[in-house]
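Colleague: I would like to go through some of the labels attached to this model. Please give me the reasoning behind each one.

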Amino acid sequence: MCAATALTLAPQAVAAQDSTDAAAAAEQPLTIEPQVRTRDMTGTFGGQRVSYRATIAETVLKADDGKPEAVIVTTSYVKQPRDTARPVFFLFNGGPGSGSVWLQMGAFGPKRVAIPSDARDDGAPPYPLLDNPDSLLDVADLVFIDPPGTGFSYLTDGTDPKKYYGLEPDAEAVAKVIRLWLNNNGRWNSPKYLGGESYGTTRTAMVARELEGATYNDVGLNGLILISTILDFAGREPTPGNELAYVVTLPNMAAAAYYHGKVQAPSVEAIVEEARQFAIGPFATALLKGQDLPDAERASVRAELSRLTGLSEQYLDNADLRVTDQRFYKELLRDRGLTIGRLDSRYTGQDYDNAGEYPDDDPSFYGIDAGYTAAINSWARDTLGFETDREYQSIGREPGRNWQWTLNQGRGAYLNVAPFIGQAMRQNSGLRTFVAQGYYDFATPFFGAEYSLNRTGIPQNRVEFHYYDAGHMMYVRDEDRAKLSSDIRAFIRSGR
């Protein structure tokens with residue numbers, strides 16, 4: 001009887017114990033052992049032979065209760081033997097949602113992917129991975145950051161996306177990663193440069209605010225490096241009544257028309273300067289007059305607009321002088337049955353048909369993406385030994401679909417983070433800003449960057465602009481990758 005009773009009760013006791021163990025396990029915080037892979041290598045950069053250590057590593061960001069919320073992947077390249085007097089350059093790309101593959105495998109990493117330099121499609125694999133003499137490793141140690149939701153970085157199960165996907169939380173996360181990297185590598189007193197591309201320039205302004213102004217535990221910066229700049233978003237929103245968007249994109253239209261032989265000029269610089277002066281003068285005045293614009297003035301502006309853009313006066317009249325960039329991509333080469341690229345208007349594509357108002361896709365993006373995706377996966381997994389089942393998110397959808405665009409204390413219809421750069425520069429007399437812009441970039445127009453950075457409160461004597469004969473990712477063109485590298489190298493050296 002007792003034995004039988006014991007046999008009957010034993011499964012119940014086991015089940016109760018299992019339940020207790022499961023509850024206890026649920027109360028324990030999730031632990032993640034960060035993956036770190038290193039490899040010692042050598043290369044020639046800027047004409048100098050450099051021994052360096054490549055490290056791909058996970059950084060775990062935790063909630064106040066210790067629960068891991070995000071795992072951020074960085075790839076760093078540090079000269080050996082370690083020299084704490086060397087500058088360290090933190091870099092990221094844009095999106096929001098873009099991994100650092102573009103700057104790492106296209107511009108500044110020790111290896112680069114070889115794709116056509118003359119605005120042709122990158123075709124099918126294999127895509128050669130070459131030594132990159134234009135890497136900046138001769139003048140600075142490099143840390144490429146994949147922000148939350150980009151590259152191999154991810155949020156843990158149960159983490160609220162709003163805690164990381166937005167202007168301020170994203171900047172807070174990236175700033176934490178930078179502080180932790182400085183801690184772990186003993187680099188608090190090294191010269192520090194912060195840079196990004198595209199939305200990465202918006203992030204640069206936000207992270208600079210987090211590092212230099214959010215607390216009294218400041219991380220002093222020596223330089224901000226903005227590549228294809230977007231700070232004032234009014235310049236890219238052609239909503240009814242916002243005339244600024246048409247003003248800042250006009251010089252890009254002139255550059256594209258010149259490149260494709262639709263207008264004549266001595267050089268791209270010459271046509272761009274003509275378009276700048278017309279845009280900020282007669283064109284802006286005409287747009288601001290709205291329906292009060294006199295017929296004679298309208299005719300004069302329309303004729304000059306046609307000369308600069310290569311579009312017919314009839315088309316400009318139909319558009320009320322306000323041609324959106326999307327319409328321009330489709331209309332400029334309609335007579336040739338081609339569209340032009342958004343990221344780089346040197347690229348051309350062929351749509352399903354020639355009758356539409358907008359292009360089917362961006363030939364300057366699908367013309368390069370396969371090569372970059374192959375390169376970063378091969379480099380990280382096969383060469384550096386990073387192990388993961390996750391896909392590398394070159395352009396991750398998750399951040400973009402959850403992104404919070406408003407600032408806690410922000411006002412106005414359009415985001416503008418340029419004042420944060422001005423504040424950082426006013427409060428740090430040693431902080432300088434480098435701006436790189438491509439003439440053929442419609443995603444972040446160069447005239448928009450000029451406009452946003454010559455506003456009140458930004459010390460003009462510490463801002464320098466550099467221009468390139470390519471588009472958003474000017475480094476896809478061999479000559480401009482070398483020029484960009486040389487220009488930034490000189491900028492870093494001049495700060496010593």
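Modeller: What follows is a set of labels and the values behind them, all taken from a predicted model.

Colleague: Why is the aromatic pair of Y77 and F144 called edge-to-face?

Modeller: The ring centres of Y77 and F144 are 6.0 Å apart and the planes make an angle of 75°. Rings pair if their centres lie within 6.5 Å, and planes over 60 degrees apart count as edge-to-face, so both conditions are met. A search of the whole structure finds 23 aromatic pairs, including this one.

Colleague: What makes this a link between distant parts of the chain?

Modeller: Y77 is in strand β3 (residues 68-79) and F144 is in strand β7 (residues 141-146), 67 residues apart. Both Y77 and F144 are buried. Y77 and F144 also belong to one aromatic cluster, together with F45 and Y52.

Colleague: How do you know that R455 lies over the face of Y451?

Modeller: R455 is at 3.9 Å from the ring centre of Y451. The limit for the distance is 6 Å, and the direction must also be within 35 degrees of the ring normal. R276 likewise lies over the face of a ring, that of Y467, at 5.6 Å from the ring centre.

Colleague: Why is T156 called buried?

Modeller: T156 has a relative accessibility of 6%, and buried means under 20%, so the label applies. T156 is found in the loop between β8 (154-155) and α3 (167-185).

Colleague: What lies 2.8 Å from a polar atom of the side chain of T156?

Modeller: That is the backbone oxygen of P68. P68 is also among the residues in contact with T156 when neighbours within four places in sequence are left aside; L30, I32 and K67 are others on that list.

Colleague: What makes E243 buried?

Modeller: The relative accessible area of E243 is 17%, which falls under 20%, so E243 counts as buried. E243 is found in the loop between β10 (223-229) and α5 (244-259).

Colleague: How do you know that the side chains of E243 and R322 make a polar contact?

Modeller: The distance is 3.1 Å, and the cut-off for such a pair of N or O atoms is 3.5 Å. Not counting residues up to four places away in sequence, E243 touches R322 and L287.

Colleague: Why is P34 called partly exposed?

Modeller: P34 has 33% relative accessibility; buried is under 20% and exposed is over 50%, so P34 falls in between. P34 is in the loop between α1 (2-27) and β1 (36-45), and touches E58 and V60, not counting residues up to four places away in sequence.

How values were computed. Residues numbered from 1 in each chain as written. Predicted model: local features only at pLDDT ≥ 70, side-chain atom pairs only at ≥ 80, totals over all residues. Heavy atoms only, no water. Phe/Tyr/Trp six-rings, centres within 6.5 Å; stacked < 30°, edge-to-face > 60°. Helix = DSSP H or I, 4+ residues; strand = E, 2+ residues; numbered from the N terminus. Buried < 20%, exposed > 50% of the residue type's maximum accessible area, 1.4 Å probe, protein only. Polar contact = N/O pair within 3.5 Å; in protein donor to acceptor, adjacent residues only side chain to side chain. Contact = heavy atoms within 4.5 Å.
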